[in-house]
Amino acid sequence: MSDIVIDIADVRKKYRGGVEALRGVSLQVPRGGIFGLLGPNGAGKSTLVKILTSIVRPTRCSGIMLGAPIGDKATLARVGYLPEHARFPEYLKGGEVIRYVAGLTGISRTEAGQKAGQLLEMVGMQDWGKHKMATYSKGMKQRIGLAQALVNDPEIVFLDEPTDGVDPKGRLEMRNLLQRMRDDGRTVFINSHLLGELEMICDSVAIMDKGEIVQQGTIAELTEKSRRYELKTRGTISEELKHKLIAAGAEIEADTMSMVGSDPAPIQPMLDALRAEKITIVELREVRQSLEELFMESVGAAGVGGTQKRSTPPQLPGKELVK
Ligand SMILES: Nc1ncnc2c1ncn2[C@@H]1O[C@H](COP(=O)(O)OP(=O)(O)O)[C@@H](O)[C@H]1O
Ligand SMILES: [Mg+2]
């Protein structure tokens, strides 16, 4: 079994009317983790997912998903999908929505009923299955959306902006569910413009802007260069020790010391030396760039492609990336 479930190269999409939504996207998605496709609105995330799920026809596409060429109909039976802004009929009950979608996979009514029961329970909606969608909060509707994406026990689940419009409690529940899906061995592919949100749960990410991937890797890989340890102390450090610490690579500013790098080993003798001088260690923490900063660095400063300056940097109201 390959460790890469999606491997695409140079995927392009030009919509009728001339919008170039994808300008040569190459992407590798590892098996069995949470993969985040991040980028501002209009970056091309939904278009890419719709190409992978055969909803939109690519202008050009080469690559494989689950060992078969993109567009292979039989492979779609091994994939689940929750579209962006998914709407289910308000007059249906949550359980009916799942039963209906389960029925589309060709299983019997009895099996579809059992499946609906299991999935309602999995998404924590067992007490609500007999209530109409119209009575649900946005977060509850999205949980039904997740459940219907799992009816065929998929290997890959595509979730397009699953937490968009969901309140903080609903988002937390959603994150727990996504982790549960990963723990069940599925590959979870999430599209989102909410960078801070993904940072907490994604194993690997690709950052997209204007139809191109600007960065790709695990969060640890992408933030490696910016990693450092920050140490807060209380007490007066002798000049002699200060010099030693600086010589060992520390930067000292008032009561805060920082050491560039992701290796904790060089910090240990420093801690010993500080303690020997009876300095109190108030805090030691690992610091790294956030995905938001990384995104800004990728597209804001250098511009897509790395050379051009971008004329209008994306706006960042709080953690959200909205164009
Ligand atoms: N059906 C369509 N016809 C024409 N243009 C489209 C269509 N769907 C999306 N686009 C355009 O393609 C670009 C990428 O859109 P989309 O894939 O929805 O981005 P994202 O999901 O990252 O917000 C946008 O400029 C959008 O307006
Ligand atoms: Mg979208």
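A crossing of two helices is called right-handed if the near helix is turned clockwise from the far one by less than a right angle, and left-handed if it is turned anticlockwise. With that in hand, let us walk through this predicted model, where α2 passes α3 in just such a right-handed crossing.

First, the overall layout. The protein falls into two domains, with domain 1 covering 4–222 and domain 2 covering 228–287. Taken over C-alpha atoms, the centres of domain 1 and domain 2 are separated by 45 Å.

Now to the helices. Two packed helices are described by the angle between their axes and the distance between the axes. Take α2 and helix α3 (residues 109–122): their axes cross at roughly 130° and come within 8 Å. An angle from 115 to 145 degrees is neither roughly perpendicular nor roughly antiparallel, and α2 and α3 are therefore oblique to each other. On the α2 side, the contact is made by Gly94, Gly95, Ile98, Arg99, Ala102 and Gly103, which meet Ala112, Gly113, Lys115, Ala116, Leu119 and Leu120 in α3. Sorted by class, this contact of α2 with α3 has 6 nonpolar, 4 polar and 2 charged residues.

Helix α2 (residues 94–104) has another partner, helix α4 (residues 138–149), and here the packing angle is about 25°, with the axes 9 Å apart. That angle makes α2 roughly parallel to α4. Here, too, α2 passes its partner α4 in a right-handed crossing. If you look for the residues involved, Gly94, Val97, Ile98 and Val101 in α2 meet Ile144, Ala147 and Gln148 in α4. The contact of α2 with α4 has 5 nonpolar and 2 polar residues, and no charged ones. Notice that Gly94 and Ile98 of α2 appear in the contact with α3 and also in the contact with α4.

From α4 we can step on to helix α5 (residues 168–183). These two pack at an angle of about 15°, and their axes lie 9 Å apart. The result is that α4 is roughly parallel to α5. The α4 and α5 crossing is right-handed. In α4, Lys138, Gly139, Gln142 and Leu146 meet Gly170, Glu173, Met174 and Leu177 of α5. By class, that gives the contact of α4 with α5 3 nonpolar, 3 polar and 2 charged residues.

Finally, turn to ligand 1. Which residues surround ligand 1? Its surroundings consist of Tyr15, Gly17, Val19, Ala21, Gly39, Asn41, Gly42, Ala43, Gly44, Lys45, Ser46 and Thr47. Helix α1 (residues 45–52) supplies the largest share of this shell, 3 residues. As for character, the shell around ligand 1 has 4 nonpolar, 7 polar and 1 charged residues.

Technical notes
Residues are numbered from 1 along each chain as its sequence is written. Chains are lettered from A and ligands numbered from 1 in the order in which they are written. This is a predicted model: local features need pLDDT of at least 70, side-chain atom pairs count only at pLDDT 80 or more; totals for chains, interfaces and linings use all residues. Axes are lines fitted to C-alpha atoms, for helices over the stretch in contact, and angles run from 0 to 180 degrees between N-to-C directions. Helices (H or I, at least four residues) and strands (E, at least two) are DSSP runs, numbered from the N terminus. Angles under 35 degrees count as roughly parallel, over 145 as roughly antiparallel, 65 to 115 as roughly perpendicular and the rest as oblique. Two residues are in contact if their C-beta atoms, placed from the backbone, lie within 7 Å. Ala, Val, Leu, Ile, Met, Phe, Trp, Tyr, Cys and Pro count as nonpolar, Asp, Glu, Lys and Arg as charged, and the others, Gly among them, as polar. A residue is near a molecule or strand if its C-beta atom, placed from the backbone, lies within 6 Å of it. Domain bounds come from an automatic or database domain assignment.
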